[in-house]
Structure formats: structure tokens, C-alpha cells
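Subject: Structure handover

Hello,

Here is the structure I promised to pass on. Please have a look at it first, then read my notes below.

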Amino acid sequence: MWKSNSYLAMRTDSHNEAAQLINSDHRDLSVAANKLTQHVIMLSVSGFGVSLLQLIAAIAAIYLLILDRTNWKTNILTSLLIPYIFFSLPSWIFGIFRAELGKWIALIAVVLRLFLPRHFPDWLELPAALILLIVVAPDLFANTCRSNVVGVVICLIIACYLLQEHIRASGGFRDSLTKAHGLSNTIGIIILLVYPIWMLVLYTV
């Protein structure tokens, strides 16, 4: 009888130890998950994370701008991509075009457009307008609005409106995903939504 009770006590102790080990592992996993989440948020909030998101968004907008200037022309309002790029362009790239380089490019574009219009192709109008906007924009837009939630909200509104208009022009959401050229535009516009949505999430955290 004593041996039986001792055996049961040993089994109970082993079960308790196993349960404690499992609980300890669960706590360690929970702590690791929390740390990973914090590190992801810190990376996103850091200058590198924000610049990476801005660069991806700007590349997507430029991609749509190129698509809309090819034979695959769609009915999306391409001009809205210019203010989107203006507000989503990474600060280091924005600073380059806002300095002397951008001023020279804007000057050359204006001179060509005014005095040599035949040598100024149509596909250069929107890029030239973007450079001119970057150069002449007041600090209220170039610095304040670009660096706070105002610019993010403007990007979100533009992306949502472009997606709505593209789906309508494609004949519905299904057609926008099944047509070859419609699919490429749909993917590009969805990428436009990632940056402002993620930034709004970070602002609310």
C-alpha cells in the first residue's frame, strides 16, 4: 500500500512538473511574441520603416503613371497620382528634388513647354508638374502636411477614390481582377492603400 501511494505521488509530481514546464513555455512564447510585435512597430515607426513604406507607395504610383501613359490607357484619373507621390515620397528623395536639382529641372521644363512645345512630349507633362509642385510648394505642404496625419489622409482618400473609379471603369470588381490590364492596375492601386492604412494604424497605436 505504501509503495502504491508513493508511486501515485511520484506520478502526480511528474504531471505537475510537466504542466509547469508547459506553462513556462507558453509564457516564454507570449513574451517573445510581444517583443516581436514591439520590434515590428518600432521598425515601422523608425525612419527606415517609414521611408520604406513611402518608397513602395511612390513606386506603385509611378508604376500606375507609366501604365496609364502606354497603350493600355484606362479611365483612372492619372493626375491624382501626382499629389499622392508628392505626399508619399520619402523625405530624402523629396529633399533632392526640392533643392537646386529640382529647380533646374523645373526651369528647363517650363522653358521647353513655353518656347519649344514641339520638343516637349505629352508624357512629360505630369512628371514636370510633379517636379514643379515639389519646388514651389509652401512649407505648410512640403514640411508640415507631409510629415503628419494630413498627408496620410490625403493619400488614403486618393487611393480609395482611384480604386473605386478603376473598378467602375472595369465593369465591376471581378472584371478588375480578371482582365489582364485591369489586374495590373488593381494591384498597383491596392499597393497605394497599404502605406496610408499602415501609417494610420501606427498613429492610433
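What follows is a short tour, from the whole protein down to one helix and its neighbours.

This is a predicted model: local features need pLDDT of at least 70, side-chain atom pairs count only at pLDDT 80 or more, and totals for chains, interfaces and linings use all residues. Residues are numbered from 1 along each chain as its sequence is written, and side-chain values use heavy atoms, with hydrogens and water left out.

The protein has 10 helices and 0 strands (DSSP runs, numbered from the N terminus: helices are H or I, at least four residues; strands are E, at least two). Of its 205 residues, 32% count as buried (under 20% relative accessible area, 1.4 Å probe, protein chains only; exposed is over 50%, partly exposed in between).

Now to helix H5, residues 100-115. Its buried residues are Gly102, Ala106 and Ala109. They fall within an arc of 65° seen down the axis (taken from the directions from the helix axis to the C-beta atoms), so they line one face of H5. On the other side, Glu100, Trp104 and Phe115 are exposed.

What do the buried residues of H5 pack against? They pack against helix H4 (91-98) and helix H6 (125-136).

H4 and H6 also meet each other. Phe94, Phe97 and Arg98 in H4 contact Ile131, Ile134 and Val135 in H6 (heavy atoms within 4.5 Å). The residues of this contact divide into 5 nonpolar, no polar and 1 charged.

Best wishes

Conventions:
Ala, Val, Leu, Ile, Met, Phe, Trp, Tyr, Cys and Pro count as nonpolar, Asp, Glu, Lys and Arg as charged, and the others, Gly among them, as polar.
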